[in-house]
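This report walks through a single protein chain, from its overall layout to selected local details. Please keep the sequence and the model in view while reading.

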Amino acid sequence: MTTEKRGENASEDMSEGPVPAEAWKTVISNVPLVSVDLVVETDDGVVLGKRENEPAKGEWFVPGGRVRKHEELCEAVDRVAESELGCSVAIERQLGVYEHFYDTSEFDDTGGKHYVPVGYHVSLDSGAEFEPDDQHSSLQTFQPPFEIDLHPYVEAYLDDAGILG
């Protein structure tokens with residue numbers, strides 16, 4: 001299954017969001033970012049999105065996003081699914097806590113990004129259809145054996161979710 005990008009701006013790019021750009025740059029330069037990443041399983045396979053922004057621009061990656069202040073993790077999962085997929089999901093289980101280090105970010109001189117994501121294995125609610133936001137050029141479902149090069153972080157999620165085999 002492949003879907004094309006929807007028009008609404010659901011981006012998690014905080015350089016133009018609720019945190020002023022200079023403050024956001026300071027955060028990225030000094031603090032790890034807490035996030036949730038979703039291994040979304042459907043009857044057709046696992047949903048991956050082709051990233052449009054840094055980090056991991058151009059990579060097939062799991063949907064994910066930062067946790068907001070005073071937001072519970074399960075609330076972040078629901079918000080990210082709605083924002084990035086346009087639908088709701090059901091949490092099957094928490095996969096664990098990970099660390100992701102990137103050499104790039106939306107700012108050239110921040111030394112990259114450091115994420116501390118909590119991984120979740122989720123399924124689409126019955127009858128749900130998904131569509132990409134402006135962070136992804138497309139969303140597709142893939143089944144093992146995967147015929148694409150998987151980013152090492154995605155591979156770790158799929159392995160922990162028992163999907164790699």
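The text below takes up the overall fold, then the charged pairs, a helix, a loop serine and some backbone features.

**Overall layout**

The model is predicted, and the remarks that follow should be read with that in mind. The protein chain contains three helices and nine strands, and from the N terminus on these elements follow one another in the order β-α-β-β-β-β-α-β-β-β-β-α. Of the 165 residues in the protein chain, 48% are buried, while the chain exposes about 8400 Å², with carbon and sulfur atoms supplying 45% of that area. Where contacts join residues at least 6 apart in sequence, 74% of them link residues that are at least 24 apart. One instance of two positions separated in sequence is Ser138, which belongs to strand β9, and Trp60: they are 78 residues apart along the chain, with their C-alpha atoms 9.4 Å apart in space. Ser138 counts as buried because its relative accessibility is 9%, under the 20% limit.

**Cysteines and charged pairs**

A search of the whole structure finds zero disulfides. As for individual cysteines, Cys87 is buried, with a relative accessible area of 5%, whereas Cys74 is partly exposed at 37% relative accessibility.

Side chains of opposite charge can pair when their charged atoms come close. The structure holds three salt bridges, and the table gives the N to O distance for each pair.

| Salt bridge | N to O distance |
|---|---|
| Asp109 and Lys25 | 2.9 Å |
| Arg79 and Glu71 | 2.7 Å |
| Glu106 and Lys113 | 2.9 Å |

In the salt bridge between Asp109 and Lys25, distant parts of the chain are linked, since Asp109 sits in the loop between β7 (100-102) and β8 (113-124) and Lys25 in helix α1 (residues 21-30), with their positions 84 residues apart. Asp109 is exposed, because its relative accessible area of 55% is over the 50% limit. Arg79 and Glu71, by contrast, are both buried. In the remaining pair, Glu106 is partly exposed at 27% relative accessibility, whereas Lys113 is buried at 6%.

**A serine in the β7-β8 loop**

Ser105 lies in the loop between β7 and β8 and, at 8% relative accessibility, counts as buried. What does the side chain of Ser105 reach at 2.9 Å? The partner is the backbone oxygen of Phe107, and the side chain of Ser105 also makes a polar contact of 2.8 Å with the side chain of Thr110. With neighbours within four places in sequence set aside, the residues in contact with Ser105 are Ile28, Glu54, Thr110, Gly112 and Lys113. Lys113 in this list is also the salt-bridge partner of Glu106.

**Helix α2 and its cover**

Does the span of helix α2 agree or disagree with the value expected at 1.5 Å a residue? Helix α2 covers residues 73-85, and its 13 residues should span 18 Å; the C-alpha atoms at its ends are 17 Å apart, so the two values agree. The buried residues of α2 are Ala76, Val77, Arg79, Val80, Ala81, Ser83, Glu84 and Leu85. An α-helix has 3.6 residues a turn, so residues three or four places apart point the same way. The cover over the buried residues of α2 includes β2 (33-42), β3 (45-51), β5 (64-66), β6 (89-97), β8 and β9 (136-142). Just after α2, Gly86 takes a positive phi of about 75°.

**Backbone features in the loops**

Most residues other than glycine have a negative phi, and most peptide bonds are trans. Two peptide bonds and two residues in this model are worth reading against that background. The bond from Glu54 to Pro55 is cis, with omega near -5°, and Pro55 lies in the loop between β3 and β4 (60-61). Ala56, in the loop between β3 and β4, has a positive phi of about 65° although it is not a glycine, and at 11% relative accessibility Ala56 is buried. The bond from Pro144 to Pro145 is likewise cis, with omega near -5°, and Pro145 is placed in the loop between β9 and α3 (152-160). His70, also not a glycine, has a positive phi of about 70°; His70 lies in the loop between β5 and α2 and is exposed, with a relative accessible area of 74%.

Terms used:
Residues are numbered from 1 along each chain as its sequence is written. This is a predicted model: local features need pLDDT of at least 70, side-chain atom pairs count only at pLDDT 80 or more; totals for chains, interfaces and linings use all residues. Side-chain values use heavy atoms; hydrogens and water are left out. Helices (H or I, at least four residues) and strands (E, at least two) are DSSP runs, numbered from the N terminus. Buried means under 20% relative accessible area, exposed over 50%, partly exposed in between (1.4 Å probe, protein chains only). Contact means heavy atoms within 4.5 Å. Accessible areas come from the Shrake-Rupley method with a 1.4 Å probe; for residues, only the protein chains shown count as cover. A disulfide is a pair of cysteine sulfur atoms within 2.5 Å. A salt bridge is a side-chain nitrogen of Lys or Arg within 4 Å of a carboxyl oxygen of Asp or Glu. A polar contact is a pair of N or O atoms within 3.5 Å; within protein, one must be able to donate a hydrogen and the other to accept it, and residues adjacent in sequence count only if both atoms are side-chain atoms. The expected span of a helix is 1.5 Å times one less than its number of residues.
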